[in-house]
Amino acid sequence: MKRICLTLLGIFLGAMLSGCIVTVPATEQPPIEPDAAKWQTWVLSSSDALRPSTPPDAEATAAELAELQQMMAEMDAETRTSVAYWNAGTPNYRWIELAIERYSKGPPSPMVSRGLALLNVAIYDAVIASWDAKYTYNRPRPGGVTALIEMPASPSYPSEHAAAAGAASTVLAYLFPDEADFFIAQADAAGQSRLYAGVHYTSDVAAGLDMGRNIGEMVIARANSDGSDAVWTGEIPTGPDKWVGENPVFPLAGTWKPWIINSPDDYLPAPPPAIDSEQMQAELDEIKAFKRILPESMSAWVWHSFDRAYPWWYGQISTNLFEHQQTDNIPQAALMYATLAVTYQDTIISCFNGKYTYWLIRPSHLDSEITALFPVPPHPSYPSAHSCASMASAMVISHFFPEDAEMIQSAAHAAGTSRLIGGIHYASDRESGEILGRAVAETVLEHVGEMTGQ
C-alpha cells in the first residue's frame, strides 16, 4: 500500500514539475471538520480569540480573482515546484521536516522534544483558529480558475496553510534565531503557493499569515516561562549506586512546565532495584548474556540513531495520513501531530524527573564486565528515556490508528530492548520507562478527548 501511494504521489509531482497543469475536478464533498472550531486550543483562550475581520466584499473579491488569474497565467516551472512542495501532506508535514533537519545535527535531548511540541501546538492552534473564521464567514473558494490541486472542501477565508506557516515560521525563528529570515521567507512561500495552486485569494493568505504569526508569538511567550532556561546549581550525589560522571545533561528537565500532566511526580517510578539485590544481579547477567551478533548490534545502532528518536514516530503519523487518504483533514492531522508532540514532551519531563530523583549508575559503570556498544549517555540510567518516549509515542499512534497498535507497540518495546543490547540500560529501566510512557500518554489522550469531544 505504501508503495502504491508513493508511486501515485510521484506521478502527480512529476507531472507538476514537468510543467503540466494537473487538475482534479471539483466534486461534491461534505465539508471538512466543520465542528473543529469548537475544539479547545492550547495557548489561545478560544478558537475565535483572533478571528480576523470580515473578508473582502464582492467587488474586492472580483479584483482579487482577476489578480489570481493573472498570477496563475504567468506561472513558471519554479513556481509549480513550490506548489508541489508545500502541498505534500498536511501543513505540519513540511514544517516538522524543516525542524527535524536542524535538530538532527545534534543529539536527541529534552530541548528537541520541547521545540517540536512548541511547533506543533502553534500549528494546531493556528489551524483551529482558521477553522473558526472559515465557518463563520463561509467565503467560497476561488471560481473561474483551473486549480493545480483538488479544491479543498472547506471555506476559503483565511488560508489554513498560511496560518500554519505564520505560526510555524515564528516558532522556528525563535528556536533557530540565526535562520529567522529564512523561516519568514518560507512562510511567505508557503502562502504564495496556495495562490498559485488556485485555491485561495490574496486576502485569505494575508489574514492567515497574520493570525498564525500572532499565535506563534503567544507560543513563544509560553516557551519563555516554561523553566527550560533555569541553571542547575546542585551537586552530583555520590555513592556506589550513583551515576558516574562530571557534567550531567538537563538535570532540571524534570522541573520544566508540562503541557498536560499536573506534576511529573505523579509519574515517578518506584525506586530501582538495589545494586546488591538478586534482581540487579539478574539484570546485569541478562545484559552480559546478549550476543552482539550482527542483527542485534544493528538493531541497537538503528534505535540509537536520531532518526528513531523523533522522525520515525512522526513519520508513522504522516504515512498513515497518506495511506488512509486523510491529508485533506487538516484539523485532525494537526491534532494528531500536536498530541504526539505534547505527549512526548510531558513524558520526557517525567522521565528526567525520575532520572535525577534516583541518579542510578549505568550498567557498565557498575559492572566492569559490561562494555557499552556506544558512548554512555551523560545522564542517569533509571528510567530509560528511549522506553519512556517510545512507548508514549506508540500509545498515541495506536489511539489514532488502532490497526497499527500491535506493530507500533512492539517497535516501542524493541527500542527499549535495544538499550539493553547496547549495554547502557537495565531491564528495570526499560520496564519502568514503558509504564511511565503509557501512563503519561493515557493522561494526555484523555485530555485531548475532552478538548475535541472525540
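The exercises below work through helix packing, aromatic pairs and backbone geometry in a predicted model.

**Exercise 1. Helices H12 and H13**

Task: Find how the axes of H12 and H13 are oriented, which hand the crossing has, and which residues make the contact.

Solution.
- Step 1. Locate the helices. H12 covers residues 311-323 and H13 covers residues 330-358.
- Step 2. Take the axes. They come within 10 Å and cross at roughly 165°.
- Step 3. Classify the angle. Angles over 145 degrees count as roughly antiparallel. H12 and H13 are therefore roughly antiparallel to each other.
- Step 4. Assign the hand. The crossing of H12 and H13 is right-handed.
- Step 5. List the contact. H12 contributes Trp313, Tyr314, Ile317, Ser318 and Leu321. On the H13 side they meet Ala333, Met336, Tyr337, Leu340 and Ala341.
- Step 6. Sort the contact of H12 with H13 by class. Nine residues are nonpolar, one is polar and none is charged.

**Exercise 2. Helices H5 and H6**

Task: Repeat the analysis for H5 and H6, and state what classes of residue make up their contact.

Solution.
- Step 1. H5 spans residues 110-137, and H6 spans residues 160-175.
- Step 2. Their axes come within 8 Å, with a crossing angle of roughly 155°.
- Step 3. The cut-off for roughly antiparallel is over 145 degrees. H5 and H6 are therefore roughly antiparallel.
- Step 4. The crossing of H5 and H6 is right-handed.
- Step 5. Read the H5 side. Among its contact residues are Arg114, Leu118, Ala122, Ala126, Ser130 and Lys134. The H6 side includes Glu160, Ala164, Ala168, Val171 and Leu175.
- Step 6. The contact of H5 with H6 has 15 nonpolar, two polar and three charged residues.

**Exercise 3. Two aromatic pairs**

Task: Classify the ring pair of tryptophan 131 with tyrosine 135 and that of tryptophan 301 with phenylalanine 374, and place each pair in the chain.

Solution.
- Step 1. Set the scope. The model has 22 aromatic pairs.
- Step 2. Take tryptophan 131 and tyrosine 135. Their ring centres lie 6.4 Å apart, with 50° between the planes, and the pair is tilted.
- Step 3. Place that pair. Both residues are in helix H5, four residues apart, so about one helical turn separates them. Tryptophan 131 and tyrosine 135 are both buried.
- Step 4. Take tryptophan 301 and phenylalanine 374. The centres are 5.0 Å apart and the planes meet at 75°, so this pair is edge-to-face.
- Step 5. Place the second pair. Tryptophan 301 sits in helix H10 (residues 294-304), while phenylalanine 374 lies in the loop between H14 (363-366) and H15 (385-400). They are 73 residues apart, and the pair links distant parts of the chain.
- Step 6. Check burial. Tryptophan 301 has 43% relative accessibility, so it counts as partly exposed. Phenylalanine 374 is buried, with a relative accessible area of 4%.

**Exercise 4. The loop between H5 and H6**

Task: Decide whether serine 156 is buried or exposed, list what serine 156 touches, and describe the peptide bond from tyrosine 157 to proline 158.

Solution.
- Step 1. Serine 156 lies in the loop between H5 and H6.
- Step 2. Its relative accessible area is 0%, so serine 156 is buried.
- Step 3. Leave out residues up to four places away in sequence. Serine 156 then touches Lys134, Arg139, Pro140, Arg141, Pro142, Val199, His200, Tyr201 and Asp204.
- Step 4. Move along the loop. Proline 158 is also found between H5 and H6. The bond from tyrosine 157 to proline 158 is cis, with omega near -5°.

**Exercise 5. Unusual backbone angles**

Task: Which peptide bond involving proline 383 is cis, and which phi values of phenylalanine 250 and glutamine 325 are positive?

Solution.
- Step 1. Recall the background. Most residues other than glycine have a negative phi, and most peptide bonds are trans.
- Step 2. A cis bond joins tyrosine 382 and proline 383, with omega about -5°. Proline 383 lies in the loop between H14 and H15.
- Step 3. Phenylalanine 250 has a positive phi of about 50°. Its loop runs between H8 (202-223) and H9 (278-289). At 27% relative accessibility, phenylalanine 250 is partly exposed.
- Step 4. Glutamine 325 has phi near 55°. Its place is the loop between H12 and H13. With a relative accessible area of 65%, glutamine 325 is exposed.

Notes. Residues numbered from 1 in each chain as written. Predicted model: local features only at pLDDT ≥ 70, side-chain atom pairs only at ≥ 80, totals over all residues. Heavy atoms only, no water. Axes fitted to C-alpha atoms, helices over the stretch in contact; angles between N-to-C directions. Parallel < 35°, antiparallel > 145°, perpendicular 65-115°, else oblique. Left-handed = near helix turned anticlockwise from the far one by under 90°. Contact = heavy atoms within 4.5 Å. Nonpolar A, V, L, I, M, F, W, Y, C, P; charged D, E, K, R; others polar. Phe/Tyr/Trp six-rings, centres within 6.5 Å; stacked < 30°, edge-to-face > 60°. Buried < 20%, exposed > 50% of the residue type's maximum accessible area, 1.4 Å probe, protein only.
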